[in-house]
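Q: Hi! Could you walk me through this model with me asking whatever comes to mind?

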Amino acid sequence: MSTSTATLVLLPKFGNSVESSIIVRWLKQIGESVAEGEALCEVETDKATIEVPSPAAGVLLEQRVAVGDDVPVQTPIALVGDRGRGGMERAPQSVDRGLQPALTRAISPRARNLADRVGLDSTQLVGSGPGGRVIERDVQAALAAQPKLTPLAKSMLAKGGFLAPQSGSGPGGRVLGKDLVEESLPAAPQGNEVSSAIRQPDSETEPGVKAVPITNIRRVIAQRMHASLHTTAQLTQHRTADARQLQALRKRFKASPESLGLRAITINDLMLFAIARTLLQHPELNALFSENTVYLNEAVHLGLAVETPRGLLVPVIRNAHMLSLRDLSSEARRLAEACQTGKATPDQLNGGTFTVSNLGSLGIDSFTPILNLPQVAVLGIGAIALKPIETDDSVAFIPHIGLSLTINHQVVDGAPAARFLQQLAEYIANLDLVLAI
Amino acid sequence: MPKNILIDPFEARQPGILTAPAIPLNAYMPDAQAEAARYGSANLVRMYRDMCTIREFETMLDRLKKEGSYEGISYDHRGPAHLSIGQEAAAVGQSFHLTPDDFIFGSHRSHGEILAKSLSAIHQLGEAELLQIMENYLNGTILRTVETFSKRDMPNLAIDFVLYGALAEIFGRATGFNRGMGGSMHAFFPPFGVLPNNALVGGSADIAVGAALFKRVNRRPGIVIANIGDASLGCGPVWEAMMFAAMDQYQTLWDAEVGGRPPILFNFMNNFYGMGGQPKGETMGFDVLARVALGVNPQAMHAERIDGYNPLAVADAIMRKRKLLESGQGPVLLDTVTYRFSGHSPSDASTYRDRDEVERWRAQDSLLSFRAYLLAHGHAQGDELDQLQAAIRERMVAVLQAAASLEISPRLPSSQIAGLMFSNQPCDRMAEGTPDVLLPLEQTRLAQTLAKHRFGFDAEGKPLPKLRVLTYAEALFEAMIHRFYQDPTMVAYGEENRDWGGAFGVYRGLTEAIPYQRLFNSSISEAAIVGTAVGYAMSGGRVVAELMYCDFMGRAGDEIFNQMAKWQAMSAGVLQMPLVLRVSVGSKYGAQHSQDWTALVAHIPGLQVMFPATPYDAKGMLNLALRGSDPVIFFESQRLYPEPERIVAGGVPTEYYEVPLGEPVVRRAGTDLTIVTIGATLYVAMEAAETLSQSGISVEVIDARFLNPLNYEPIIASVRKTGKVLLASEACERGSFLHTMASNISQLAFDALDGPVVVVGARNWITPPAEMEEEFFPQKEWLLDAIHERILPLPNHTPNTEQMLDVIVARNRAGV
């Protein structure tokens, strides 16, 4: 055994919500000397670009990740030590042992199973097994460091199908059963596997091509969108609804006394109200599908697609069916702002039972929204346009709003979806009455 | 070794000349008148009929192999057919004077012998006896099938039964003598005294001696003949069998009442060829085969060369020799001259012999000369013999039609083969009767062992003096003496079993309690020790054979791998094999005396393999093995013989008990890591577990103690709990049985594993000198380091031995 030692540099966890970071560039090359605390490389999180300091003085012996790699936190990224070869401080293996398990992502079946069962993301774990393999005790250690769970929450986690948030609503942040969120379906293959056959332009030699590494959020979006289309059977139904009441109400609210606080209510808010009330009658669409089980929800937690500078986010209006129109409107606004400013918490971005996406203001008549897994339905709202309607003896042009409902046809049949749209159209057409419900 | 036989230096150093008996060559003088009086026409014609029957049976096989049809019936026989066309007179002459109580064992070329012996037995048995035999054999399966095409009366029904049973066996059908599991080279039918033929050249020699030993020790009637070929004299086990058969002790030391030497006749069917080699003049140096008997004993085994082309010369020799054998004056050697016209097998183009030579022998074909003899001396008319010939052909057509048909003669569903591998018929005694003993049980050494402490520690946990505590060796002794006093058929032997008490003292005290014929020293003949035990067991007796060192198993390779392991299944359950082979695993004695070869026998289907590691198991597992009906390789560790019980609370019970077959046992309960051991490495694992417990790692130690059968469930349950498992034994790592176990654990508990299944064995070297054994056999540090490097890095642990994964590749690349 060699007596010289080397230090493994782990990618730091820059804040609680950071799961991984992208390596932007190496500031030290292999063989270069580095002082303790001196920057080794730059990484980009979803929030900022940060330098990774060297934990020890010495020579950069190895760069274990490449520029552009999306690296989970606490993964070894470099080795700093004496020139020559060295043993290792953290993990008990020498550098030259080619046959020790690969350092990144190696995990024992047992550890993986436990992590899955308790809803831990195993890619986040630091392995203490031979060669840095994640073994059972690493998962247990991570579990112990997790927020306290009530026995109910523990048993729900153990049974599977749920993920635990960082902290819960119980005393001292204790996670209660109701704080757990549904686990999404298994992730689809990484994008680069899928597109391996696609020619990649070379930005350095081809003029007019600029390579833009995608952000973390975009990466997540890419994965989720792909998983959605890849693992479900999506069917979109289109229809329109008489929008005269929508427009009339919007006009009245706008003109209402300021003291009522109704002026900010938008057509979209009115639509959300109608949708939440309609969903109460159609639990089969207010549902989640996971592991061969459909979970019908009594409460409507309405996801709202929001465009942000960093990409699409879907904040969730909890218990939307219980909110008055005014409260619904202000909640929608508050969440949208939080997303725009990057302040939305994971809790605000999880737990929806149905999603609404509105492209009407951008002039889209109808489209095919993509399911937000594990939800089974998503409604797209289109623009309001005049539609010729046959009356007793002539044709009238009446404003109609476009509705595009995508369902997971694996578990939702076409007719119930159409009936949902039918009732929604009725509610919209008679929204003044529905407000009284 | 016996004190009552003096080795006198004066006698040993005395000058003189050794003289040897003269060996008669073809001394039989034909005398037609005397023969007519001795046999009568009917028997002489019957001999001719049997010779013709064999010739036709084998001619049929020859046609099927070479032309694909016989008498218009097509059949593709894929298996072997080693024919003895030309040797019929030797088989028929031999069987004439043999009774169903006499056993014959054969070779790969024994169709003629089994038919001749069966036809002779049918002639001797009454109608009712024959019917009973056929009804009882395999629950009447063969008889029911024969009745579908044969409407004959006795004894013709029985003749059809024999021809059909043999042919269906050759064709691999469930309606054959051995359900098709034996085939051409292993067909046999015990009720007529036809014991297994053997596909290993000379393989029957020591087995037949074991059967003769069984007859002698258990006072059963009949003699035993080993029909083996001239070329088998090049095989060591044949010589070992002759040495074993000729031991002086049968007459010098055994009680005369037992009856003298085992009634064994080595009949060399001397057809002058062994594969493509020619023993006379080419591959051997004896010139006349019978000469070898001069080297065996002062009687030269009463050897003779006899004319195997004259059935009456052979019959005469058997009649004379059986008297010698029955009076305890064996063994006998016969050099039976004969010749095969057919090749070694259908693939043999006979390129090694001249066509003229074959023609010379054909001119003396016994069928032609014996027919001429019968006609010349008025025993039969020509048309009578022609009719006889036609009737045989007709019979053969019916038998072939039935045997070739898959409807009438189906194959055994392969799903049933597993059920034939073990007989699983435990019984207290293989035969009724009072066991021969010299002392009442309570006056034997058992009284002393029972009086010892049964556990190695006192009530306070302090170790008791070793001499006062029952040891592993003594625990084995208790199991042995228990069964000796229960089962009258039980015998035990090995190279130092009597007087010495076994090289490691296991049998100390048995010499005083058990008479010679049940406990004796054998010649240094590992092949014959195991081979005779195989014959003894298949004849119906319980036997414990001993190999002093595991390393000597190589000397008994065929007997262990091909004979002991195979006969139960090859007989389709007709035979049992209550044979326990005690094998001592050594240490301290270097490269040829310190090897653990458990993997070799665990690999061979048909063997049970046990390896107790504590005195409790030594007794409980030997008890189990000694009440069973299956062949057991019973490994013992020389490290453990002097050790008291240190693990099983309560110690070794004084009363009888058995360890459940195939069940591993948890020696120390734990939750974090499982160590499974085989053999003495258990104690190393226990130490490692203790060390690890100081680091807060709770280790479960499991002693597999069985290799086959083995219930994996307790092991898997433990691995599911701990997720981590290391396997260790003293066997060299490469090819160790632990790798089989590791593979099974990986498959059965993959999702529960927190790391790879790690195997730690001895180095893949020769065993170095005793002083260097710690470099060779697994030590506690090896286990700890392997855990640290491969499964679970240990806090503040610095490995001192090479257990990194890299060494696996490096060592394998280097072949070490």
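A: Happy to. Let's start with strand S12 of chain B, where B:Leu579, B:Leu581, B:Val583 and B:Val585 point one way, while B:Val580, B:Arg582 and B:Ser584 point the other way.

Q: And those residues of S12(B), buried or exposed?

A: On both sides they are buried. Seven of the seven residues of S12(B), residues 579-585, are buried, so the strand is largely enclosed by the rest of the structure. Bear in mind that this is a predicted model.

Q: Which strands does S12(B) pair with in the parallel sense?

A: One of them is strand S11 (residues 543-547) of chain B, which pairs with S12(B) in the parallel sense over five bridges. Strand S14 (residues 632-637) of chain B also pairs with S12(B) in the parallel sense, over six bridges.

Q: Nice. What is the bridge partner of B:Val544 in S12(B)?

A: B:Val580 is the bridge partner there. Toward S14(B), B:Ser584 has B:Glu636 as its bridge partner. So that you have the background: strands of a sheet pair through backbone hydrogen bonds, either parallel or antiparallel.

Q: Is there an example of antiparallel pairing I can look at?

A: Go to chain A, where an open sheet of four strands has the order S5-S4-S2-S7 with antiparallel pairing. Its edge strands are S5 (49-53) and S7 (70-72) of chain A, each pairing on one side only. From one strand to the next, the twist averages 45°.

Q: How many bridges hold S4(A) and S5(A) in register?

A: Strand S4 (residues 39-44) of chain A and S5(A) pair over five bridges, in the antiparallel sense. For a spot to click on, A:Glu44 stands opposite A:Thr49 in S5(A).

Q: Back to chain B, but helices now. What is the end-to-end distance of helix H8(B), going by its C-alpha atoms?

A: The end C-alpha atoms of H8(B), residues 203-217, are 22 Å apart. With 15 residues at 1.5 Å a residue, the helix should span 21 Å, which agrees.

Q: How many residues of H8(B) are buried?

A: 15 of its 15 residues are buried, and H8(B) is mostly covered. The helix is followed by B:Arg219, whose phi is positive, near 55°.

Q: Funny, a positive phi. Which other residues of chain B, not glycines, have one?

A: Two to check are B:Asn139, with a positive phi of about 55°, and B:Arg179, with phi near 55°. B:Asn139 lies in the loop between helix H5 (127-136) and helix H6 (141-147) of chain B. For B:Arg179, look in the loop between helix H7 (156-170) and strand S4 (194-197) of chain B.

Q: Of those two, what about burial: is each one buried or exposed?

A: B:Asn139 has 9 other C-beta atoms within 10 Å, so it is exposed. B:Arg179 is buried, because 26 other C-beta atoms lie within 10 Å. The cut-offs behind that are 12 or fewer for exposed and 20 or more for buried.

Q: Before I set anything up, where are the cis peptide bonds?

A: One in chain A runs from A:Leu373 to A:Pro374, with omega near 5°. A:Pro374 sits in the loop between strand S18 (354-358) and strand S19 (377-390) of chain A. In chain B, a cis bond joins B:Asn708 and B:Pro709, with omega about -5°. B:Pro709 belongs to the loop between strand S18 (706-708) and helix H25 (713-722) of chain B.

Q: Good to know. How many residues are in contact between the two chains?

A: 14 residues of chain A are in contact with 17 residues of chain B. On the chain A side, helix H1 (residues 109-118) gives the most, with four residues. The residues of that side divide into six nonpolar, five polar and three charged.

Q: And what are the confidence scores?

A: The model scores ipTM 0.76 and pTM 0.73. Chain B averages a pLDDT of 96, and 100% of its residues score at least 70.

Q: Last one: what is the overall make-up of chain A?

A: Chain A has ten helices and 20 strands. Of its 437 residues, 37% count as buried. Among its contacts between residues at least 6 apart in sequence, 62% join residues at least 24 apart.

Notes:
Residues numbered from 1 in each chain as written. Chains lettered and ligands numbered in written order. Predicted model: local features only at pLDDT ≥ 70, side-chain atom pairs only at ≥ 80, totals over all residues. Contact = placed C-beta atoms within 7 Å. Helix = DSSP H or I, 4+ residues; strand = E, 2+ residues; numbered from the N terminus. Nonpolar A, V, L, I, M, F, W, Y, C, P; charged D, E, K, R; others polar. pLDDT = per-residue confidence, 0-100. Expected span 1.5 Å × (residues − 1). Pairing = 2+ DSSP bridges. Axes fitted to C-alpha atoms, helices over the stretch in contact; angles between N-to-C directions.
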